[in-house]
Amino acid sequence: MPLILGVSGASGLIYAVRALKFLLAAEYAVELVASKSTYMVWQAEQNIRMPVEPLQQEQFWRQQAGVETQGKLYCHHWSNVGANIASGSYRTLGMVVIPCSMSTVAKLAAGLSSDLLERASDVQLKEGRKLVIVPRETPFSLIHLRNLTMLAEAGARIVPAIPAWYHKPQTIEDLVDFVVARALDQLDIDCIPIQRWQGCD
């Protein structure tokens, strides 16, 4: 079964790129949907234009992840609420939204589905499947915290984009990969070679 990778318009697209890299390298099938705001974030953070057409997007994301042929990748247009991942009858391993903006968090907490990313996330909750939210914001306001609490109460797992240091990171990618690994842990996916905590001697 495929995994749904949702990418919202929050800063930190490197989290999505690294997640996709390891999932495809491990031969997972990934259904990717990026929100409308993601296009603007790519432009702002990397001065790169993300294609709109799904087939071109697949090539774009593979290029960014550095994985040309491994795994399976299907990209969806943000407005296509008739896509397979919009239906509860379409079986998946679950979904991770990485990075997740506070706007997306608020809409999910309120049960709104104005685009495919939100609809696919809502489907995971209503079907009792795994939904992992990786919020990328600081500081959290009381509204943010209440919305995240509401999602947690509805069954979502909240994995803030907060790295650890016990694995002795040497690069930005090391910090990012720790967060991505912990997010995928919530889906019982172990495909990232990170040094895990072994306890103190």
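Trainee: Buried means under 20% relative accessible area, exposed over 50%, and partly exposed in between, using a 1.4 Å probe and protein chains only. So what does C191 count as, buried or exposed?

Mentor: C191 counts as buried, at 19% relative accessibility. Keep in mind this is a predicted model: local features need pLDDT of at least 70, side-chain atom pairs count only at pLDDT 80 or more, and totals for chains, interfaces and linings use all residues. Residues are numbered from 1 along each chain as its sequence is written, and side-chain values use heavy atoms, with hydrogens and water left out.

Trainee: OK, how many disulfides does the structure hold?

Mentor: Zero, where a disulfide is a pair of cysteine sulfur atoms within 2.5 Å.

Trainee: Why no bond for C191?

Mentor: Because the closest cysteine sulfur, in C75, is 17 Å from the sulfur of C191, too far for a bond. For C100, the closest one is also in C75, at 18 Å.

Trainee: New topic: which residues does UniProt list for "binding site"?

Mentor: The unreviewed entry lists Y166 and R182. They span 17 residues in sequence, yet their C-alpha atoms are no more than 13.9 Å apart, so they gather at one spot. UniProt positions follow the numbering used here, feature names are shortened, and annotations may be inferred rather than shown by experiment.

Trainee: Where's Y166?

Mentor: In the loop between β6 (157-158) and α7 (172-185), while R182 lies in helix α7. Helices (H or I, at least four residues) and strands (E, at least two) are DSSP runs, numbered from the N terminus.

Trainee: And what does Y166 touch?

Mentor: Leaving aside residues up to four places away in sequence, F178, Q195, R196 and W197; contact means heavy atoms within 4.5 Å. Y166 is partly exposed, at 35% relative accessible area.
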